[in-house]
Amino acid sequence: MAAGDLRRSRRDVLLGAVGLGLAAAGCASEQADDPARTVRSSSASGTLSAASASALPRPVTIERVRSMARRTEIELIVIRPEGAEPDLPVCLALHGRGENARMFLDLGLPDMLSSLVNSQGGSPFAVVAVDGGDSYWVARQPEDDPQLMLTDDMPKWLGERGLATNPFAVLGISMGGYGALNYAANPNKPVAAAISPALFLSWSEAANRDAFANEQRWRDTDPLQNVPAYTGVPVGLWCGESDPFVDGARDLAEKLRPPIAEIEPGGHDATYWRKVLPRALRFVGQHL
């Protein structure tokens, strides 16, 4: 199943909560159906009011912010472990093609993160997801650059919310796996967890996605063709044996020799992603 096919009733509940929150004029914060979640409507710059910023944040906040790099408004979702303080290190979460930041809510990541920290003794950190479009987290057009959003817009958003401004890790699923590996190649060398990464073995395969501006842009950003960029980067890799991208995952594992590379039964679908997400979170948390 493609990432865009991931749909659950939980999403419908969350979308309804957001619609009610935005319809209430002047409302700065609305409770979703789950009392553990807060849907927060912010100004275009994403700046929180003094009152909301001083309160202990709920485990999940959803806000609309304006990305200068993408030149549009996007959703910014902050997921904290239950009971955690606001000043936390950050792992970015990049969604798959045809999806958005809420993909990680649909997959149950908030409960997985709280379990890791509160039941398994893991160090606390926040997971932050944003809408990245469908261009594999690279710029298809100069006026819409999701990778630049991560490097330029994100630190400001994180600082405004009392979080560490330099993410220590990045996690991505499918198209997000491609984007996570690109982000991990930056000079800070964050930990990278790539789940079912959408990697292409030829330009013809990549071109069929109509996501890259041209062949050179694909070659410049394709992890399989830029392996030296990951020197010193801890990479975790997970992929199902029935995944259409499994050959690319095997090729990456062979070239990178990462500390974790698990190719096991499973497909390119939510069932597999729910199974391995806790492992990916544990992997990145071990590098705090």
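Glu160 is partly exposed at 23% relative accessibility (partly exposed falls between buried, under 20% relative accessible area, and exposed, over 50%, with a 1.4 Å probe and protein chains only). Its partner Lys156 is also partly exposed, at 46%. The two form a salt bridge, with the closest N and O atoms 2.8 Å apart (a salt bridge being a side-chain nitrogen of Lys or Arg within 4 Å of a carboxyl oxygen of Asp or Glu). Both residues sit in helix α5, 4 residues apart, or about one turn of the helix (helices are DSSP runs of H or I with at least four residues, strands are E runs with at least two, and numbering goes from the N terminus).

The model here is a predicted one, where local features need pLDDT of at least 70 and side-chain atom pairs count only at pLDDT 80 or more, while totals for chains, interfaces and linings use all residues. Residues are numbered from 1 along each chain as its sequence is written, and side-chain values use heavy atoms, leaving out hydrogens and water.

Next comes Arg161, which pairs with Glu63 in a salt bridge at 2.9 Å between the closest N and O atoms. Arg161 lies in the loop between α5 (146-160) and β7 (169-173) and Glu63 in strand β3 (residues 60-67), so this pair ties together parts 98 residues apart in sequence. Arg161 is buried at 7% relative accessibility, and Glu63 is buried too, at 1%. Glu63, Lys156, Glu160 and Arg161 are linked in a salt-bridge network.

Elsewhere, Glu264 and Arg279 meet in a salt bridge (2.8 Å, N to O). In total, the count comes to 13 salt bridges.
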